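Me: Pick one spot in this structure and take me through its surroundings in detail, then work outwards to the rest of the fold. Keep it relaxed, but give me the cut-offs behind the terms.

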Amino acid sequence: MNLEQQLIERLQSFAPSHLEVINESAGHGGYFPGKESHFKVIVVSEAFQGLRLVQRHQKIYAVAAELMSPGKIHALAIHAYVPSEWQGQAPASPNCAHAPKQ
């Protein structure tokens, strides 16, 4: 099972009403086809109710911890919402200074 699938499986523990896991590795330096190093996750779940943003991130990092070891996920952009906050779109990721030039 690849890293993206493993991350999706772990994030399912929040019983999300909306979940997106986007492999953004191609926009970063050292990319090669199939590389899995940079991800953006959008998780909408009642499990975040009453939690501050940092607490939501801590919960996500806790379930993803094993996948964040060297040689696995290098960067994880987290957008965690409760359903009442979700507006259908998360912010765009910034461009990486070391991204391959097109």
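Reply: Let's start with His79, which is buried at a relative accessible area of 16% (buried means under 20%, exposed over 50%, and partly exposed in between, with a 1.4 Å probe and protein chains only). Before going further: this is a predicted model, where local features need pLDDT of at least 70, side-chain atom pairs count only at pLDDT 80 or more, and totals for chains, interfaces and linings use all residues. Residues are numbered from 1 along each chain as its sequence is written, and side-chain values use heavy atoms, with hydrogens and water left out.

His79 sits in strand S3. Helices (H or I, at least four residues) and strands (E, at least two) are DSSP runs, numbered from the N terminus. Leaving aside residues up to four places away in sequence, His79 touches Lys40, Val41, Ile42, Val43, Ala90 and Pro91, where contact means heavy atoms within 4.5 Å. The burial isn't limited to His79: five of the seven residues of S3 are buried, so the strand is largely enclosed by the rest of the structure.

Now for the neighbouring strand. S2 (residues 38-44) and S3 pair in the parallel sense over seven bridges; two strands pair if DSSP finds at least two bridges between them. Along this pairing, Phe39 stands opposite Leu76, and Lys40 faces Ala77. That puts Lys40 in two roles, since Lys40 is also one of the residues His79 touches. As background, strands of a sheet pair through backbone hydrogen bonds, either parallel or antiparallel.

Stepping back, the three strands form an open sheet in the order S1-S2-S3, with mixed pairing. S1 (18-23) and S3 (75-81) are the edge strands, each pairing on one side only. On average, neighbouring strands of this sheet are turned by 10° against each other, direction ignored (axes are lines fitted to C-alpha atoms, for helices over the stretch in contact, and angles run from 0 to 180 degrees between N-to-C directions).

So what lies across the sheet? H1 (residues 3-11) lies across S1, S2 and S3, running at about 160° to S1. H2 (residues 53-64) lies across S2 and S3, at about 125° to S3.

H1 is worth a longer look. Leu3, Gln6, Leu7 and Leu11 are its buried residues. They cover an arc of only 130° around the axis, which puts them on the same side of H1; the arc is that of the directions from the helix axis to the C-beta atoms. An α-helix has 3.6 residues a turn, so residues three or four places apart point the same way. The cover over the buried residues of H1 includes S1, S2, H2 and S3. At the N-terminal end of H1, Asn2 acts as a cap, with a side-chain oxygen 3.2 Å from the backbone nitrogen of Glu4.

The loop between H1 and S1 holds Ala15. Ala15 has a positive phi of about 50° although it is not a glycine, and it is exposed, with a relative accessible area of 62%.

Finally, the whole protein. Its two helices and three strands run α-β-β-α-β from the N terminus on. Of the 102 residues, 34% count as buried. Among contacts between residues at least 6 apart in sequence, 65% join residues at least 24 apart.

Notes: Polar contact = N/O pair within 3.5 Å; in protein donor to acceptor, adjacent residues only side chain to side chain.
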